Amino acid sequence: MLFSDAKGRKVVSTTTAETIAKVAGFVVDPASRSVVAVEVKKTKDGDVVLWEDVKGFGDDAVTVESDEKITAAVGDVAVLADKHHQVLGKKVLSTAGAELGSVKDVEFDETSGTITGIVLESETAPGNRLIGVGSYAVVIDWSN
């Protein structure tokens with residue numbers, strides 16, 4: 001699934017069957033090459049749902065147990081949720097320092113949160129080649 005396809009999807013409580021938020025973005029941990037949290041429009045309780053609290057990520061909605069799973073980002077998730085660590089639109093550099101383009105989208109496994117691809121203008125780099133995400137660029141291993 002692509003980030004662009006998932007953005008705007010409803011977040012539904014399995015307890016109340018009510019829409020409690022909408023997906024606004026994703027928090028990516030380059031060390032584990034996975035989504036660690038889903039960003040939602042800020043509520044009184046916070047603006048992220050930790051990936052471990054996602055019950056399902058379906059074609060129509062993201063399900064969580066209740067609105068109590070929407071929390072404020074803390075610790076490592078807060079650092080990774082900072083705008084400087086956002087992936088989409090960022091310049092992509094190889095580990096050799098060559099500019100490869102920019103991130104147009106990100107593919108992820110909706111069951112595990114694993115990043116499966118970094119979509120550039122002309123091709124897609126395998127997600128397991130993601131090395132780092134910073135304020136300047138996303139770095140991927142572009143060697144064979």
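Guide: Rings of Phe, Tyr and Trp count as a pair if their centres lie within 6.5 Å, with the six-membered ring used for Trp. The model here is predicted.

Visitor: How many aromatic pairs does the count come to by this rule?
Guide: The rule looks at ring centres and sets the limit at 6.5 Å. Applied to this model, the count of aromatic pairs comes to 7.

Visitor: Is the pair of phenylalanine 26 and phenylalanine 57 stacked, edge-to-face or tilted?
Guide: The two ring centres are 6.3 Å apart, and the planes make an angle of 35 degrees. Under 30 degrees would be stacked, and over 60 would be edge-to-face. The pair of phenylalanine 26 and phenylalanine 57 is therefore neither of these, by the cut-offs, but tilted.

Visitor: How many residues apart in sequence are the parts that this pair ties together?
Guide: Phenylalanine 26 lies in strand β2. Phenylalanine 57 lies in strand β5, residues 54–57. So the pair ties together parts whose separation in sequence is 31 residues.

Visitor: Are phenylalanine 26 and phenylalanine 57 buried or exposed?
Guide: Buried means under 20% relative accessible area. Phenylalanine 26 falls in that class, and so does phenylalanine 57: both are buried.

Visitor: Which residues form one aromatic cluster with Phe26 and Phe57?
Guide: Phe26 and Phe57 belong to one aromatic cluster. Its other members are Phe3, Trp51 and Phe108.

Visitor: Which strand gives the largest share of the largest nonpolar core?
Guide: The largest nonpolar core has 30 residues. Phe3, Phe26, Phe57, Phe108, Ile115 and Val138 have the most contacts inside it. The largest share of this core is 4 residues, and it comes from β2.

Visitor: How many residues are in the other core that lies apart from it?
Guide: Val48, Val77, Leu80 and Ala81 are among the members of this other core. Its residue count is 6.

Visitor: What stands opposite phenylalanine 26 in β3?
Guide: β2 and β3 pair in the antiparallel sense, over 6 bridges. Opposite phenylalanine 26, in β3, stands valine 38.

Visitor: Which residue takes a positive phi in the hairpin of β2 and β3?
Guide: This hairpin has 4 residues between the strands. The residue in question is not a glycine, yet its phi is about 50 degrees. At 27% relative accessibility, it counts as partly exposed. It is arginine 33.

Visitor: Is alanine 17 buried or exposed?
Guide: Alanine 17 sits in the loop between β1 (10–13) and β2 (19–29). Its phi is positive, about 60 degrees, although alanine 17 is not a glycine. Its relative accessible area is 60%. Exposed means over 50%, so alanine 17 is exposed.

Visitor: What is the bridge partner of valine 12 in β2?
Guide: β1 and β2 are antiparallel and pair over 3 bridges. In β2, the partner of valine 12 is threonine 19.

Visitor: Which strands stand at the edges of the open sheet β10-β11-β12?
Guide: This sheet has 3 strands, and the pairing is antiparallel. An edge strand here has a single partner, so one side of it is left without a neighbour in the sheet. Those at the edges are β10 (105–108) and β12 (124–126).

Visitor: By how many degrees are neighbouring strands of this sheet turned against each other on average?
Guide: Direction is ignored for this angle. The average turn is 25 degrees.

Visitor: What stands opposite glycine 117 in β12?
Guide: Strand β11 (residues 115–119) runs antiparallel to β12, and 3 bridges join them. Opposite glycine 117, in β12, stands proline 126.

Key
Residues are numbered from 1 along each chain as its sequence is written. This is a predicted model: local features need pLDDT of at least 70, side-chain atom pairs count only at pLDDT 80 or more; totals for chains, interfaces and linings use all residues. Side-chain values use heavy atoms; hydrogens and water are left out. Helices (H or I, at least four residues) and strands (E, at least two) are DSSP runs, numbered from the N terminus. Buried means under 20% relative accessible area, exposed over 50%, partly exposed in between (1.4 Å probe, protein chains only). Two strands pair if DSSP finds at least two bridges between them. Axes are lines fitted to C-alpha atoms, for helices over the stretch in contact, and angles run from 0 to 180 degrees between N-to-C directions. A nonpolar core is a set of buried Ala, Val, Leu, Ile, Met, Phe, Trp, Tyr and Cys residues joined through side-chain atoms within 4.5 Å.
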